[in-house]
Structures are given as C-alpha cells and as structure tokens.
Amino acid sequence: MTATLKIQANTDQHTETAEQHAAFEARIAGGEKIEPGDWMPAEYRRQLIRMISQHAHSEVVGMLPEGEWISRAPSLRRKLILMAKVQDEAGHGQYLYHAAETLGATREEMVDALLSGKAKYSSIFNYPTQSWADVGMIGWLVDGAAIKNQTMLAGCSYGPYSRAMVRICSEETFHHKQGKEMIVQYAAGTPEQRALAQDALTRWWWPSVMMLGPHDKDSTNSGVMSNWGIKTKSNDQVRQEYLNEHVPELLELGLTLPDADLHQDADGNWIHGPINWDEFWDVVKGKTGLNKERLATRNAAHDDGAWVREAMLAYGNRLRAQAAD
C-alpha cells in the first residue's frame with residue numbers, strides 16, 4: 001500500500017463512528033455482501049487490499065515454476081494443457097487486481113510493490129521445479145490447497161472478491177484434476193515414472209501443507225478478518241480439510257508421505273507431524289528459495305511488455321479522439 005492510501009485509511013479511521021461500525025457489522029452478520037460504493041471501516045479496506053493484492057501477485061508469480069516446463073512437455077496434449085493452465089493463472093491475476101482496484105488501490109501501485117519486492121506472494125512459488133512430475137504434483141497438491149482456501153473465500157463478505165473466487169475456483173478445479181490425473185498415471189506407470197512421482201511428493205508435501213498459513217494461534221491477521229467475514233474458516237480448519245481429502249488418496253496410490261508422525265485420530269481426521277515453520281518464514285522472507293530469481297524474471301517480463309502497454313495506450317487514445325470528433 002502506498003503512503004497515499006495509508007493516509008486515506010488513517011483519515012477514515014479518525015472519522016469513523018460507533019454507529020457506522022455497528023451498522024456495518026450488522027450487515028455482515030446478516031449475510032449481506034459489502035460492495036465498492038458502500039461505507040466500510042478503513043481497516044476492512046486495508047486488510048482486503050493487502051490480501052487481494054497478495055493473492056493477485058501469487059497468481060502472476062505462480063505462472064513461473066510451471067511455465068518453465070511448457071517447452072519440455074512430453075507430449076502435445078500435455079503441452080496444450082499446461083499452456084492453458086498458465087494462461088488461466090494470468091487471468092486469475094487480472095480478476096484479482098480488478099477486485100483490489102475497486103477498493104481504491106491502483107494497478108501501478110500493486111505492480112510496483114511486486115516488482116520492487118515490497119509485496120508478498122505465496123511462498124510456495126519460490127520452490128524450484130526439478131522434474132516434469134513436479135508439474136503434476138503442483139496441480140494436485142498446490143492447486144488442491146488453493147481450492148480449499150479459495151472455496152472458503154468465495155463466501156467472503158466483500159462482493160467483488162467473492163465473485164472473483166467463484167470464477168477462479170471453477171478453473172482451479174480443472175487444474176487440480178489434471179495434476180491428479182498425471183500423478184495417478186505415473187504412480188501406476190514404469191518404475192522410473194513412479195520414482196519421479198514419489199520424489200515430487202516428497203519435495204512438495206510440506207510446502208503445500210505450510211501454504212495454508214501459520215497455525216491459528218500464530219496468525220496475526222486471522223482474528224479481524226474472521227470477525228468481518230473476510231475469512232469464514234481458520235487456517236487450521238482449512239488445513240484439516242486438505243489433509244482429510246488428500247492423504248487417503250495419496251496413500252491409496254502406494255506413495256509415501258514424508259511425515260513419520262502422520263496418523264488418524266479417533267474422529268478419523270488425519271493429523272500431521274511438526275511443521276518446520278523456520279523453513280516457511282525463511283522462504284517467505286527470501287532468505288532461501290528462488291525469490292530473487294522469480295522477481296528478476298517477473299521484472300524482465302514487465303520490461304519486455306512495455307511496448308504492448310504503450311501500444312494499448314496509444315490505441316485507446318486514438319479511439320477516444322475519434323469518438324470526440
């Protein structure tokens with residue numbers, strides 16, 4: 001968020017009244033969607049801009065780990081599927097940037113924050129893709145985790161974000177299915193294919209579990225976002241749903257999950273072992289992983305696309321001039 005937006009948010013906070021807050025919270029309690037022109041607390045707006053812009057950045061950066069494999073796909077069918085998926089992720093970024101713009105953030109502010117390294121995005125995209133099987137495992141595990149989170153957000157209190165999530169979830173479901181289809185096929189394939197699938201699972205399991213965020217007791221933003229209906233489930237609730245769906249499916253394939261403490265409790269829930277949160281935060285902060293490489297690639301792509309933006313601006317100006325004649 002820029003200084004200008006921060007100043008606006010602080011100014012709004014000084015003029016907010018208890019009556020306004022009460023009316024706002026009553027609308028959320030009644031299940032109403034908050035729309036762009038509605039009154040909202042400055043902190044609600046700030047949290048949404050932070051969350052939606054980070055989500056948009058994640059979609060855009062998320063194109064990079066799998067995009068590296070388009071030219072190395074093992075068949076034309078796999079290449080076409082992967083190209084379509086990467087294009088989908090670009091579209092998801094567009095939906096989300098538009099949703100954040102309805103709150104007063106500008107595209108230039110958000111993109112500048114990403115390119116300068118000030119903004120965060122999902123840390124899982126800072127892990128390297130080492131084999132073709134990683135493409136399938138990302139589709140099954142990473143997109144599977146994203147769907148759990150995004151399905152929850154489809155019910156959030158802010159209308160534009162909620163509606164964007166409905167569209168995105170439908171496309172992410174296809175990504176999840178294609179990744180699962182790949183891994184199921186490789187797990188039942190040749191010994192080499194099965195070994196690639198197991199290796200990919202071993203490397204992507206814990207990052208996908210961590211992707212759903214810190215434990216509830218350590219999540220500093222979860223409280224206010226839950227109170228205002230931005231998040232309708234906690235990180236640990238969503239993580240539990242993720243484990244209960246994916247663990248039995250992976251075990252059924254005869255693959256080994258890299259968690260010696262994984263077990264089911266009396267209620268049938270799959271319980272994971274200790275999470276290495278030091279690794280999580282080191283990747284988030286760019287101390288390890290490919291943060292610098294991802295940003296360098298994204299900056300190069302932005303620079304290479306300057307002529308497209310300039311051409312679109314010139315074309316738009318010409319259309320407006322013609323309309324004014």
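Contact here means heavy atoms within 4.5 Å. The structure above is a predicted model, where local features need pLDDT of at least 70 and side-chain atom pairs count only at pLDDT 80 or more, while totals for chains, interfaces and linings use all residues. Residues are numbered from 1 along each chain as its sequence is written, and side-chain values use heavy atoms, with hydrogens and water left out. Here is a quick tour of three spots.

**Ser123**
- Ser123 sits in the loop between α6 (107-115) and α7 (132-153); helices are DSSP runs of H or I with at least four residues, numbered from the N terminus.
- Ser123 is buried, at a relative accessible area of 11% (buried means under 20%, with a 1.4 Å probe and protein chains only).
- Beyond its neighbours within four places in sequence, Ser123 is in contact with Phe280, Val283 and Val284.

**Helices α5 and α6**
- The axes of α5 (residues 76-101) and α6 come within 9 Å and cross at roughly 120 degrees, which makes α5 oblique to α6.
- Axes are lines fitted to C-alpha atoms over the stretch in contact, with angles from 0 to 180 degrees between N-to-C directions; oblique is what remains outside under 35, over 145 and 65 to 115 degrees.
- From α5, Gln94, Tyr97, His98, Ala100 and Glu101 meet Arg107, Met110 and Leu114 of α6.

**Nonpolar core**
- The largest nonpolar core (buried Ala, Val, Leu, Ile, Met, Phe, Trp, Tyr and Cys residues joined through side-chain atoms within 4.5 Å) has 77 residues, of which Tyr44, Ile52, Tyr158, Tyr161, Trp204 and Trp205 touch the most other members.
- Helix α7 gives the largest share of this core, 11 residues.
- Leaving aside neighbours within four places in sequence, Tyr161 is in contact with residues including Leu48, Ile52, Leu96 and Cys156.

Note on methods: Helices (H or I, at least four residues) and strands (E, at least two) are DSSP runs, numbered from the N terminus. Buried means under 20% relative accessible area, exposed over 50%, partly exposed in between (1.4 Å probe, protein chains only).
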